[in-house]
Every structure is written in C-alpha cells, then in structure tokens.
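Got the structure open in your viewer? Here's a short tour that tells you what to select at each stop and what you'll find there.

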Amino acid sequence: MKTSKYLLALTTILGCLTSVQAQTVKSDSVIHTDGNPIIRHEFTADPAAMLYKGKVYLYTGHDEAPTNHNGYVMHNWTCFSSSDMVTWTEHPSPMNVKDFTWARDDAWASQVIERNGKFYWYVAVEHATIHGKAIGVGVSDSPTGPFKDARGTALVTNDMTKAVKHSWDDIDPSVIIGKNGQAYLFWGNGICYYAKLKPNMTELDGEIKTITLPHYTEAPWIHERNGWYYLSYAYEFPEKIAYAMSRNINGPWVYKGIINEIAGNSNTNHQAIINFKGKDYFIYHNGALVPDAGSFHRSVCIDYLYYNKDGTIKRVVMTSEGVSKVK
C-alpha cells in the first residue's frame, strides 16, 4: 500500500514537472537555487556559460520529452543570468530552431560568445535538406536576445566533414577568441574538428582540421588559463569528461586524464568551465530529477573546479549542495 502511494505521488510529480517544463517563459523570473540541480522547474541540458559585465550568462538546451520517452525532444534554447552563482534570472527563450529556416529540428548543444558588442550563438541542429546535423549561427545585440539567424544558411553541414562516416558528427560547437583576436570553432562527434573563424564570426577562415584525442566522443569545450589551452570533452559512452592541454591552440595536445565521472543517470555529459570573481566552476548536467529516462530529462548542475600548481585539473567532486553565493 505504501509502495502504491509512493508510485502515485511520484507519477503526479513527474507529470507536473513535464507539464511545467513544456510551458514557455513569457518574462524574466528569479530563481533562488538550493543545491544541484540548479534549475528544477524545467529540464535543462548541454550548458554553456559566458561572462559579460559582471554576470554569468548560462545557455542551455531544453529537454521536453514526454514522461518515459526514450529520445531527445528539443526545440529551443534557454537563457539564465546571475551575478552571484546562486540567484538566477530566467529570461524568455532567446532562440528557437524555427529561427533557422533551413533547419528541421533538434535544438542541441550550443555556445554564445561576445565580439565587438554583438553576441554570436553557435548551435547544433538537424538540417532540413542536407542529410545530417549542422551548425548554425545566431546573432543579437543583447546577451539575452532575441537572436536571429546571422547567415541564412548553415555554417557547417555534414557534406563538409568526412573524417567519420555517421551523419551526426557536426554537433556540440565551442568557440574561443584568442589574445591575438583570432577566433576558433571546435565541434564534433566521433572526431574533434576545429577551424578558424573570420572576424565577422559567421564564416570559416580556411580548412577544417581534426584533433585525435583518446576515447573522444563529443562535447568539446575550449578555454585558456595562464598560457595553457584546455580542451575538455566527453569520453566514451556513457560519458565521462576528460581533457588535454597545449601551449598552442593548434597543438600538439597532451592528454591529461578524466576530470568528471558519469553524471547521475545520464548517459551524456556536457561541460562548461569558467572563472568568475576569482573562483573556477564546472557546469554540467545530470539526470537527477527523474528516476527513469534521465538521459532525456537532464538538469544543469554547478560544482567547483580546482587546478594543481602545474596547471593540471583536479577531479571534480559532484555534490548535491552545489556552490555558494559569490560577491
């Protein structure tokens, strides 16, 4: 009897969560986090973070699969901002797959970067006419959008990349602007691709190159610290997060090991690494909010990240408590 009541209550909770998360946010709303996951009223996945004018802007995918559905259902992206890593403002969705007329669906992993007062959002979607996944670019004058298609066409399509044979290798874009002003785009499933971007941030500048990394699956994230470039990525499947280091963004890359274990009951693992107000953060997702189908109902979490004196990264400790408010 107690078990039946528990299952009934759990079913009701999951139904409410699925119903709430499918709604569209109409205006800014404040969220006070209480540990991990940081967002609990909707499912968020594939986090990317950007620092701008004293705030962290968090961009995520939006899992909308029905309860017990074993598959990704994702149509738009979400945006949150915070000045203390604990109190977050949720903004109306800044962009939808429908904003790309050439795309069919699948609002997969993405990243936003600012250049010269404009914000460029690199996203992975399913192309409507060219078989396979593709990368598009949105642009806005504000970090909270709205964003619009910056090109009218895809930046990268599956017929441009031949290193692996499957059709979903063009996903998970990550972007960086080096100290010399040169921008680079990294992406890929099954192999890590990278290429220079032109100053307009909407065109590739030269050939697409590949990087061979041990047990590379997907989800590259590129960042720089103290003269070192760090290329972290999803390792094997179910996914852990591993990383490599280099003094030059063009390599050679030296594999350094795993920094994050399998996250909860999620098969995928997707990270963003930032330094904000003197502290380093590891932002990722897990499947903690649901007992089943967590791989398709994911939730963003934040924990601290620490470096050793030689620049290598210590293993991330995933916690329920999360991070504390920073001033």
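Start by selecting aspartate 172. Leaving out residues up to four places away in sequence, aspartate 172 touches Ala109, Ala124, Phe186, Trp187, Gly188, Glu218, Ala219, Pro220 and His270. Keep in mind as you look around that this is a predicted model.

Where does aspartate 172 sit along the chain? You'll find it in the loop between strand 10 and strand 11. Now show the backbone of alanine 219: the side chain of aspartate 172 reaches its nitrogen at 2.9 Å. Looking for a charged partner? Aspartate 172 is buried yet has no salt bridge. The nearest side chain of opposite charge belongs to arginine 298, and that is 8.0 Å away.

Next, click on aspartate 170. This residue also lies in the loop between strand 10 (148-149) and strand 11 (174-177). Aspartate 170 is buried and has no salt bridge, with lysine 162, the nearest side chain of opposite charge, 8.6 Å away. Add tryptophan 187 to your selection, and you can see a polar contact of 2.9 Å between the two side chains. To fill in the surroundings, set aside neighbours within four places in sequence and show the residues in contact with aspartate 170, among them Ala124, Lys133, Ile135, Asn158, Thr161 and Tyr193.

Time for the nonpolar cores. Select Met85, Trp88, Tyr281, Phe282, Ile283 and Ile302: of the 36 residues in the largest nonpolar core, these touch the most other members. Then colour the strands that each supply at least two residues of this core, including strand 2 (43-52), strand 3 (55-63), strand 20 (279-286) and strand 21 (299-304).

Zoom in on phenylalanine 282. Beyond its neighbours within four places in sequence, phenylalanine 282 is in contact with several residues, including Ile241, Ile259, Gln271, Ile273, Cys301, Tyr304 and Val316. There's a second, separate core too, made up of 24 residues, and you can pick out Phe100, Val112, Phe119 and Ala124 as part of it.

Last stop: the cysteines. How many disulfides does a search of the whole structure find? It finds zero. Select cysteine 301 and you can see why there's no bond here: the closest cysteine sulfur, in cysteine 79, is 18 Å from the sulfur of cysteine 301, which is too far. Cysteine 301 is also buried, with a relative accessible area of 0%. Finish on cysteine 192, which is buried with a relative accessible area of 0%.

Note on methods. Residues numbered from 1 in each chain as written. Predicted model: local features only at pLDDT ≥ 70, side-chain atom pairs only at ≥ 80, totals over all residues. Heavy atoms only, no water. Helix = DSSP H or I, 4+ residues; strand = E, 2+ residues; numbered from the N terminus. Buried < 20%, exposed > 50% of the residue type's maximum accessible area, 1.4 Å probe, protein only. Lys, Arg positive; Asp, Glu negative; His and termini not counted. Salt bridge = Lys/Arg side-chain N within 4 Å of Asp/Glu carboxyl O. Polar contact = N/O pair within 3.5 Å; in protein donor to acceptor, adjacent residues only side chain to side chain. Contact = heavy atoms within 4.5 Å. Disulfide = S-S within 2.5 Å. Core = buried A, V, L, I, M, F, W, Y, C linked by side-chain atoms within 4.5 Å.
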